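Good morning, and thank you for joining. I would like to take a few minutes on a structure that has come up for discussion, and I will begin by putting it on the screen.

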Amino acid sequence: DGAGALLAAGSQLPGVLGSVAAMLSVEPGYESALTAALGAIADAVTVAGASDAVSALELLRAAEAGRAGILIGSADGSAAGAVAGLDRVGWPELETAARWAVDVVTFPAALTDAVEQALNRVAIVADLAAAQRVLAANPEVTAVTRDGDVLGRSWAHGGSASSPSVIEVQAAVDEASDKVAEATDQHARLS
């Protein structure tokens, strides 16, 4: 697939930063919701800037390597952190159990603008009934359930999930890596 070709290109595409899924850290239990909120971005490849995106698209076309989503970051940012500068003026109050999607994910500073734009006024709620309530009270909000159903003012997306998303797989890999590190440390202390 195109994303795989971009990630494998190595030095041919120095502006490729990695897969979006590998660059995000999502609070446990919110992976399905965040994947749904991000849509195609969740499976995309990140690049440092617009010229890197052009180079990536040219490589895909020249190699007939398929298509890929590309999230364009800012070339100068690299520090990890949560969204701190997002202007939430005018954002409505959410139900007690609801959370803004930007509050359940951290990512490198280079992706701040792109992720903020993708998750602007996206609320994560428990279920479709809560999504309907949030949308009725705040039509400018997109509501996403913890199971990954999306309800907007003029569209909806969801249903049954048959396989885990890239973000969910990455979260499982990260969790397994953490457990291996803990076990290794414990083994070293006991030896």
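I shall speak about charged pairs, then about one helix, and finally about two backbone angles. Please keep in mind throughout that this is a predicted model.

Let me begin with the charged side chains. Side chains of opposite charge can pair when their charged atoms come close. In this model there are four salt bridges, and I shall discuss some of them in turn.

Consider Arg99 and Glu27, whose side chains form a salt bridge with an N to O distance of 2.8 Å. What does this pair tie together? Arg99 belongs to strand β6, residues 99-100, while Glu27 sits in the loop between β2 (25-26) and α3 (31-38), so the bridge links parts that are 72 residues apart in sequence. As for accessibility, Arg99 has a relative value of 26% and therefore counts as partly exposed. Glu27, at 30%, is likewise classed as partly exposed.

The next pair is Glu95 with Arg133, again a salt bridge, where the closest N and O atoms are 2.8 Å apart. Glu95 is found in the loop between β5 (80-81) and β6, and Arg133 in helix α6, residues 128-137; the pair therefore ties together parts 38 residues apart in sequence. Glu95 has a relative accessible area of 29% and is partly exposed. Arg133 is partly exposed as well, at 46% relative accessibility.

A further salt bridge joins Glu140 and Arg121, with an N to O distance of 3.8 Å. Here both partners lie in loops: Glu140 between α6 and β9 (142-145), and Arg121 between α5 (112-118) and β8 (122-125), so the parts tied together are 19 residues apart in sequence. Glu140 is partly exposed, its relative accessible area being 35%. For Arg121 the figure is 22%, which also counts as partly exposed.

I now turn to helix α6, which we have already met through Arg133. Which of its residues are buried? They are Ala130, Ala131, Val134 and Leu135. Viewed down the helix axis, the buried residues of α6 fall within an arc of 130°, so they line one face of the helix. On the other side of α6, Gln132, Ala136 and Ala137 are exposed. What do the buried residues of α6 pack against? Their partners are β8, β9 and β10, the last of these spanning 150-151. There is also a detail at the start of α6: a side-chain oxygen of Asp127 comes to within 3.3 Å of the backbone nitrogen of Ala129.

My last topic is the backbone. Glu64 is not a glycine, yet its phi is positive, at about 45°. Where is Glu64 placed? This residue lies in the loop between α4 (50-63) and β4 (70-72). With 75% relative accessibility, Glu64 counts as exposed.

The other case is Arg121, also not a glycine, with a positive phi of about 60°. We have seen Arg121 before, as the partner of Glu140 in a salt bridge, and its place is the loop between α5 and β8. Whereas Glu64 is exposed, Arg121 is partly exposed.

To close, I would draw your attention to two items on the screen: the face of α6 lined by buried residues, and Arg121, which combines a positive phi with a salt bridge to Glu140. Thank you; I am glad to take questions.

Technical notes
Residues are numbered from 1 along each chain as its sequence is written. This is a predicted model: local features need pLDDT of at least 70, side-chain atom pairs count only at pLDDT 80 or more; totals for chains, interfaces and linings use all residues. Side-chain values use heavy atoms; hydrogens and water are left out. Helices (H or I, at least four residues) and strands (E, at least two) are DSSP runs, numbered from the N terminus. Buried means under 20% relative accessible area, exposed over 50%, partly exposed in between (1.4 Å probe, protein chains only). The arc is that of the directions from the helix axis to the C-beta atoms. Contact means heavy atoms within 4.5 Å. A polar contact is a pair of N or O atoms within 3.5 Å; within protein, one must be able to donate a hydrogen and the other to accept it, and residues adjacent in sequence count only if both atoms are side-chain atoms.
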